[in-house]
Amino acid sequence: GGIPTQLVTVEKIGEKKEEGEDGVQSGAGTENNDGLELTADILVTDDDETFIFMIKKTLRKLGNSHGVNLNIDVASNGQEALHKIVDEKSKYAVVTMDKEMGTEMDGIETVKRMRDAGYDGCVVGVSASDHTGGFSSVGADKALLKGPALVKKVYSMIVEKKLEAEKKTSKCSDDQSTGDKPQSPADVENDAKEATVEATS
């Protein structure tokens, strides 16, 4: 089964154009050449290349199923993320930040420096262990565990952030507070798991 169209209220932006199961685009651009109604930028900060591959491919599959074009940028450590955000002044719908990246600056310290530099975008702390504590104290909007549910939640945040940007608000949320509600959590999560399996196969 495909991803339920209720997951993203793209009808608020424009009429959805149907795409096939194999309509995953290898690249991401800002032009809507394929009828994509919504474009969002995301920064994935992680030193695990397998995780990066999985989340990029799965997010693009989810996005293309709903006419959402995702420009996915990658930073392999905190320093790279800070360079993009602080030095290059890049602004993302969502930034994911791995807690432990094997460098002198962990994810929590990176988020702290981002906030100290004035970055007010949506930041999601990510951890492979049960220890996600510390992110909220430095200004992260959410702290999530790596797993099948992570991609679905991050995707929902991306779309919610973009829809709210249209209304000139700044609240970061992983639930759809406007428009149509998604199908039952079990149905949505199952679809996200299916996309994750396809991405890793």
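**Figure 1. Surroundings of Val-154 in the predicted model.** Leaving aside neighbours within four places in sequence, Val-154 is in contact with Ile-42, Val-94, Thr-96 and Leu-144. The structure shown here and in the other figures is a predicted model. Val-154 belongs to helix 4, which covers residues 148-166. Its relative accessible area is 0%, so Val-154 counts as buried. One of the contacts, Ile-42, lies 112 residues away from Val-154 along the chain, and the C-alpha atoms of the two are separated by 9.7 Å. Two of the contact residues also face each other across a pair of strands: Ile-42 stands opposite Val-94, a residue of strand 3.

**Figure 2. The chain as a whole.** Five helices and five strands make up the secondary structure of the chain. Their order along the sequence is β-α-β-α-β-α-β-β-α-α. The chain has 201 residues, of which 45% count as buried. Among contacts with a separation of 6 or more, 68% are between residues 24 or more positions apart.

**Figure 3. Strand 1 and its two partners.** Strand 1 consists of residues 38-45. Six of its eight residues are buried, so the strand is largely enclosed by the rest of the structure. Strand 2, residues 68-75, pairs with strand 1 in the parallel sense over eight bridges. Within this pairing, Thr-45 has Ala-75 of strand 2 as its bridge partner. Strand 1 also pairs in the parallel sense with strand 3, residues 94-98, here over four bridges. Helix 1, residues 49-65, joins strand 1 and strand 2 in a right-handed β-α-β unit.

**Figure 4. Val-74 in strand 2.** Val-74 is a residue of strand 2. With a relative accessible area of 25%, Val-74 is partly exposed, since the term buried is kept for values under 20%. Not counting residues up to four places away in sequence, Val-74 touches Leu-43, Val-44, Ile-52, Lys-56, Glu-80 and Lys-84. For Ile-52, the C-alpha to C-alpha distance to Val-74 is 7.9 Å, and the two are 22 residues apart in sequence.

**Figure 5. The two sides of helix 2.** Helix 2 covers residues 78-87, and its buried residues are Gly-78, Ala-81, Leu-82, Lys-84 and Ile-85. Seen down the helix axis, these buried residues fall within an arc of 165°, so they line one face of helix 2. An α-helix has 3.6 residues a turn, so residues three or four places apart point the same way. The buried residues of helix 2 pack against strand 1, strand 2, strand 3 and helix 3. The face turned away from the buried side carries Gln-79 and Asp-87, which are exposed.

**Figure 6. Lys-89 in the loop after helix 2.** The loop between helix 2 and strand 3 contains Lys-89. The phi angle of Lys-89 is near 60°, a positive value in a residue other than glycine. Lys-89 has a relative accessible area of 65%, so this residue counts as exposed.

**Figure 7. The buried face of helix 3.** Helix 3 spans residues 107-116. Gly-107, Ile-108, Thr-110, Val-111 and Met-114 are its buried residues. Viewed down the axis of helix 3, they fall within an arc of 160° and therefore line one face of the helix. These buried residues pack against helix 2, strand 3 and strand 4.

**Figure 8. Cys-122 in strand 4.** Strand 4 runs over residues 122-127 and includes Cys-122. Cys-122 is buried, with a relative accessible area of 1%. Tyr-92 is 30 residues away from Cys-122 along the chain, and the C-alpha atoms of these two residues are separated by 7.7 Å.

**Figure 9. Lysines over aromatic rings.** Lys-146 lies over the face of Phe-51, at 4.3 Å from the ring centre. Lys-91 is placed over the face of Tyr-119, and here the value to the ring centre is 5.8 Å. As for pairs formed by two aromatic rings, a search of the whole structure finds zero.

Methods:
Residues are numbered from 1 along each chain as its sequence is written. This is a predicted model: local features need pLDDT of at least 70, side-chain atom pairs count only at pLDDT 80 or more; totals for chains, interfaces and linings use all residues. Side-chain values use heavy atoms; hydrogens and water are left out. Buried means under 20% relative accessible area, exposed over 50%, partly exposed in between (1.4 Å probe, protein chains only). Two strands pair if DSSP finds at least two bridges between them. A crossover is right-handed if, with the strands pointing away from the viewer, the path from the first strand over the helix to the second runs clockwise. Rings of Phe, Tyr and Trp (its six-membered ring) pair if their centres lie within 6.5 Å; planes under 30 degrees apart count as stacked, over 60 as edge-to-face and the rest as tilted. A charge sits over a ring if NZ of Lys or CZ of Arg is within 6 Å of the ring centre and within 35 degrees of the ring normal. The arc is that of the directions from the helix axis to the C-beta atoms. Contact means heavy atoms within 4.5 Å.
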